[in-house]
Amino acid sequence: MSEAPILIVDLGNPYTQLLARRIREANVYCEIVPYTAGLEAIEAREPKALILSGSAGSLDEEDAPAVAPAILELAIPTLGIGYGATLLANMLGGTITRSMKFELHQKPISIRSGARLFSRLSGESIEGLVAYADRIDRLPETMRAIASTDRVEIAAFEDTDLQVYGVAFHPEVDADGVGRAILEAFLFEIAGASPTWTPGSFVDEAVDAIRAQVGEEAKVLCALSGGVDSGVAAKLVHRAVGDRLTCIFVDNGLLRKGEAEKVIEQFRDHFHINLVHVDASEEFLHELAGVADPEMKRKIIGRLFIEVFEREARRVEGARFLVQGTVYPDIIESVSLRRGKKGVIKSHHNVGGLPERMNLELVEPLRLLFKDEVRAVGLELGMPRELVFRQPFPGPGLGVRSPGPIEREKLDILREADAIFIEEIKAAGFYEELWQSFAVILPVKTVGAVGEERTYEYAVALRAVTGRDGMTADWARLPYDLLAKVSNRIINEVKGCNRVCYDISSKPPATIEWE
């Protein structure tokens, strides 16, 4: 990127991704590195400033997360949050008392006037999520305390000469704008960052980077699913290399109603991207016949996809690159932070096995973006909102929404029921508020009655959840009238279904998908 990044050193805190999102929301570019990356990796990024994340650990623990003291010799603004603040104070000679347990509580915090971190705040008190862990009892002589709570005398500190700052609370967990004001004071007034991280700037730089990587002659392949990530990646690469991009869209027979037609219309007819549509539904359904085990179904679908894609890709002469819609959470979640000094980042292959089998070099233009940023880039590229804000759809498709053996009849019922549910969700204005909404066909038949006729047909479950990233999710409290309308339509319009249920389990302990 054109401006040096703000670098977040992750010490093992579940809020680290949230912290990165808060900084990106201020239009400032940042990256996350694990503390195990070491000083050289941090120096190589030439960061504009450092932020040390929190952690649920203690400084006295064996293998406690730490960074090299030489990190302070970089002489750049450094902010510690929670555990990160305690670590900074300890490294500079402060006195620390180990806590017997880790706690987080929302508490009033008294702040002191003149502190640079609080320059965008008014008043003498704020609310914050305070970490009760290791306690700073005494600061180094050059530092001064700038905040306190009823239980923590040193809840924040600063050393303006060393450009070192720390807070015992979590400004990234922000409900009223206070945390945002603190982070922006650090970013703009202390670190001198510029709010230049925008979808437009990303597109320009990504196009240049793709062209530099691919060159002027090589051809590029893309395994297009029709989802947001692969779609935006394909559109971005197409802007960079034009007709040298070929997208291969494999119809595995497990897509939603009308999905294949929509993908072809959008990418081939509207975007004018070279698109190869492969109808492999017969091949997939034949291999899946009689298979009930969820993991076995996933393995069969994954293996067949690779085989079909590889077969079609061989027809594209001169292809040397493979586009993948890898996004930043894919990269971050591959980092092991609690395996001593051997934490590693594993290759995160969305299309597992293809790069190795076909000797292709990966092009991952979205690998530094969060999902909401991918959507913003899609809009910047002129993609329709309906496509950009499409809900996530699993790789195995309806195969994981039809528990038990996959059968054509059940898939047909599921497609029709799912289409009705989505249609009504959109009409009621809930679609973009939900993380996912879909139907599941249950592997049981139930007794019903139509007029004087007895029926014995399948039951369908409806699933709608809210969430930001799919790591956790809560079941959506949809209006009863909406659910009743959907149920009536499915039972009356979908042949083979006589009962509709609504899934009210959250993740965890349940998963979003049923398999």
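Is C497 buried or exposed? At 2% relative accessibility, C497 counts as buried. The model described here is predicted, and this report treats its cysteines, a pocket, one enclosed helix, two further buried residues and several features of the backbone.

## Cysteines

The structure contains zero disulfides. For C497, the closest cysteine sulfur belongs to C501, and the separation of 8.8 Å is too far for a bond. A disulfide would require the two sulfur atoms to lie within 2.5 Å.

C30 is another cysteine that counts as buried, with a relative accessibility of 0%.

## The second largest pocket

Rolling a probe the size of a water molecule over the atoms shows where empty space is left. The second largest pocket holds about 530 Å³ of space. Its lining is made up of 22 residues, and those nearest the centre of the pocket are R256, K262, E386, R390 and K426.

By character, the lining comprises eleven charged, seven nonpolar and four polar residues. Three helices, α7 (259-270), α13 (385-388) and α14 (408-427), each contribute at least two residues to this lining.

## Helix α6

Helix α6 covers residues 228-241, which makes 14 residues. From its first C-alpha to its last, α6 reaches 20 Å, close to the 20 Å expected at 1.5 Å a residue. Of the 14 residues of α6, 13 are buried, so the helix is largely enclosed by the rest of the structure.

Just after α6 comes G242, whose phi is positive, at about 60°.

## Two buried residues: I51 and S281

I51 belongs to strand β3, which spans residues 49-52. Its relative accessible area is 0%, so I51 is buried. When neighbours within four places in sequence are left aside, I51 is in contact with I6, L7, I8, V9, L19, I23, L79, I81 and F186. One of these partners, L79, lies 28 residues from I51 along the chain, yet the C-alpha atoms of the two are separated by 4.7 Å.

S281 is located in helix α8, residues 281-288. With a relative accessible area of 14%, S281 is also buried, because buried means under 20%. Apart from neighbours within four places in sequence, S281 is in contact with D251, N252 and G253.

## Backbone features

Two cis peptide bonds are found in the segment after β20 and involve P508 and P509. K507 and P508 are joined by a cis peptide bond with omega of about -15°, and P508 itself is placed in the segment after β20 (497-502). A cis peptide bond also joins P508 and P509, with omega of about 10°; P509 likewise has its place in the segment after β20.

Positive phi values also occur at residues other than glycine. A75 has a positive phi of about 55° although it is not a glycine. This residue, A75, lies in the loop between β3 and β4 (78-81) and counts as exposed at 54% relative accessibility. Q163, likewise a residue other than glycine, has a positive phi near 60°. The place of Q163 is in the loop between β10 (156-159) and β11 (164-167), and at 26% relative accessibility Q163 counts as partly exposed.

Methods:
Residues are numbered from 1 along each chain as its sequence is written. This is a predicted model: local features need pLDDT of at least 70, side-chain atom pairs count only at pLDDT 80 or more; totals for chains, interfaces and linings use all residues. Side-chain values use heavy atoms; hydrogens and water are left out. On a 1 Å grid over the protein atoms alone, a cavity is a set of points where a 1.4 Å probe fits but cannot get out, and a pocket is an open set with protein on both sides within 12 Å along at least five of seven lines; lining residues have an atom within 4 Å of a point. Grid points are joined across faces, edges and corners, and a volume is the space filled by probe spheres set on the points. Helices (H or I, at least four residues) and strands (E, at least two) are DSSP runs, numbered from the N terminus. Ala, Val, Leu, Ile, Met, Phe, Trp, Tyr, Cys and Pro count as nonpolar, Asp, Glu, Lys and Arg as charged, and the others, Gly among them, as polar. Buried means under 20% relative accessible area, exposed over 50%, partly exposed in between (1.4 Å probe, protein chains only). The expected span of a helix is 1.5 Å times one less than its number of residues. Contact means heavy atoms within 4.5 Å.
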